[in-house]
Amino acid sequence: MSARIALDPIRLLAEARELLADTVQLRRRIHAEPEIGLDLPKTQAKVLDALSGLDLMVETGEKLSSVVATLAGDGEGPTILLRGDMDALPMTEETGETFASTVPGAMHACGHDSHVAMLVGAARLLHERRHDLRGNVKFMFQPGEEGHHGAKFCIEEGLLENPTVDAAFALHISPNHKSGTLATKPGPLLASADELYITVSGQGGHASAPHLATDPIPVACEIVTALQTHITRTVNIFEPAVLTIAKISAGTTDNVIPEQAELVGTLRTVSDKTREQVLASVPRVVEGVASAHGCRGEFVVERGYGPTVNDDDFARYTLDVLSDLVGAERTVEMTYPAMAAEDWSYVLNRVPGAMAMLGVCPPDLEPSHAHACHSNHMRIDEDAMATGIAAHAAMALSYLG
Ligand SMILES: [Zn+2]
Ligand SMILES: [Zn+2]
């Protein structure tokens, strides 16, 4: 871990604020034209355009429209990776903003538009400050965070090599934190997310004569409650796990017992150990309950992202640097993780690093009442993006100082 240099926070925040107007414009341009998945040609073009004129080594992805730009500092030293994800969500915007999405069924509801704009701002700020850097800064603009494993593809395409990445930092906005605050914690920050698919097969028949059929519906209901009992009785409460069955489907009408019932749900854990323990035992519960009633139970898991676990030392270092930047009163050490998931976990599995949350609660709302990420009403306080630019820059300047 590099020693912290004494930041000049007032100067750094002022430099970030000078970039705010351009950052807001870029964010709004991306917001109005959201793209989903791994192929984001318009967003990629906006990033390349915004970085043009800077002395960076720029590489673009092959399987995905990523942009990886490396800034070489004046001196030799380690490499820090800073990340902004680029993709939007398949949903319809209802914010009423003047720059709202012009693409039906697509919206930047997770704030990745602001992540890109802030990272471009940080690249410009650090480019001006490259004489203060001993080492390299790699700017990772990444598609496909929302379930498309974009970070994994970036790593496969050499993200962490040439030069080798020694540390990694990412910001994620949160409308449910006070604007301009920064928050993180050592250890688990976000959960794993796996999709669970359960099928209960019985024998259909007349609804008036269940004894002549094998009804899968009450068995499916029993599996839902058995899984809740299973989670609370087998998982250590200090390693949280959430198993939610979010969809049940069976049957066609009032007088027919269907042949099958289907359950769909999600499993969230904050450690690989708990994740594997639950995934290994769920089939036993499903098959056991089903067979007790003469049905057949099948379980299929679609594995999503692993837990996002901050490196303990790097997270402490991050809290110190951010506190130097914005003051202890605006730096929050979170007490527990959130059970959302992130593909930043792929990077943190390989490199010591951290993610921090940037509070962007709109000024007309209280953080507890602001529309959260993934809401079609989600809005942000764009002013907080100046803090985000400065936070990225502070991490790089301290690490490479
Ligand atoms: Zn999201
Ligand atoms: Zn996100």
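This report walks through the domains, some helix pairs and a few single residues of a predicted model.

## Two domains

Let's start with the big picture. The domain assignment splits the protein chain into domain 1, made of 9–190 + 306–399, and domain 2, which covers 194–302. If you take the C-alpha centre of each domain, the two centres lie 38 Å apart. Where the domains touch, five residues come from domain 1 and six residues come from domain 2. On the domain 1 side of that contact you'll find four nonpolar residues, one polar residue and no charged ones.

## Helix α10 and its partner α8

Now look for helix α10, which runs over residues 385–399, and helix α8, residues 312–326. These helices pack with their axes 10 Å apart, at an angle of about 125°. That angle is neither under 35 nor over 145 degrees, and it is outside the 65 to 115 range, so it falls among the oblique ones. In short, α8 and α10 are oblique to each other, and α8 passes α10 in a right-handed crossing.

Which residues of α8 and α10 meet? From α8 come Thr318, Val321, Leu322, Leu325 and Val326, and they meet Thr387, Ala390, Ala391, Ala394, Met395 and Ser398 in α10. Sort the residues of this contact by type and you get eight nonpolar, three polar and no charged.

## Helix α10 and its partner α1

Helix α10 also packs with helix α1, which spans residues 9–18. Here the axes come within 8 Å and cross at roughly 125°, so α1 and α10 are oblique to each other. The crossing of α1 past α10 is right-handed.

On the α1 side, Leu12, Leu13, Ala16 and Arg17 make the contact, and on the α10 side it's Ala386, Ile389, Ala390, Ala393 and Ala394. That set divides into eight nonpolar residues, no polar ones and one charged. Keep an eye on Ala390 and Ala394: they are listed for α10 in the contact with α8, and they turn up again in the contact with α1.

## Helices α3 and α4

Next, find helix α3 (residues 41–51) and helix α4 (residues 112–128), whose axes are 10 Å apart and make an angle of about 20°. Angles under 35 degrees count as roughly parallel, so that is the label α3 and α4 get. Their crossing is right-handed.

Thr43, Val47, Ala50 and Leu51 in α3 meet Val116, Val120 and Ala123 in α4. The contact holds six nonpolar residues, one polar residue and no charged ones.

## Val219: buried or exposed?

Zoom in on Val219, which sits in helix α6, residues 216–234. Val219 has 24 C-beta neighbours inside 10 Å, so it counts as buried, given that the cut-off is 20 or more.

Who is around it? Setting aside neighbours within four places in sequence, Val219 is in contact with Val200, Gly202, Val289, Ala290, His293 and Cys295. Ser201 is 18 residues away from Val219 along the chain, and their C-alpha atoms are separated by 9.5 Å.

## His369, out in a loop

For a contrast, go to His369, in the loop between β16 (353–359) and α10. His369 has 9 other C-beta atoms within 10 Å, so it is exposed, the cut-off being 12 or fewer.

How far is His369 from Thr43? In sequence they are 326 residues apart, and in space they are 31 Å apart, C-alpha to C-alpha. Thr43 is one of the α3 residues that meet α4.

Technical notes. Residues are numbered from 1 along each chain as its sequence is written. Chains are lettered from A and ligands numbered from 1 in the order in which they are written. This is a predicted model: local features need pLDDT of at least 70, side-chain atom pairs count only at pLDDT 80 or more; totals for chains, interfaces and linings use all residues. Axes are lines fitted to C-alpha atoms, for helices over the stretch in contact, and angles run from 0 to 180 degrees between N-to-C directions. Helices (H or I, at least four residues) and strands (E, at least two) are DSSP runs, numbered from the N terminus. A crossing is left-handed if the near helix is turned anticlockwise from the far one by less than a right angle, and right-handed if clockwise. Two residues are in contact if their C-beta atoms, placed from the backbone, lie within 7 Å. Ala, Val, Leu, Ile, Met, Phe, Trp, Tyr, Cys and Pro count as nonpolar, Asp, Glu, Lys and Arg as charged, and the others, Gly among them, as polar. Domain bounds come from an automatic or database domain assignment.
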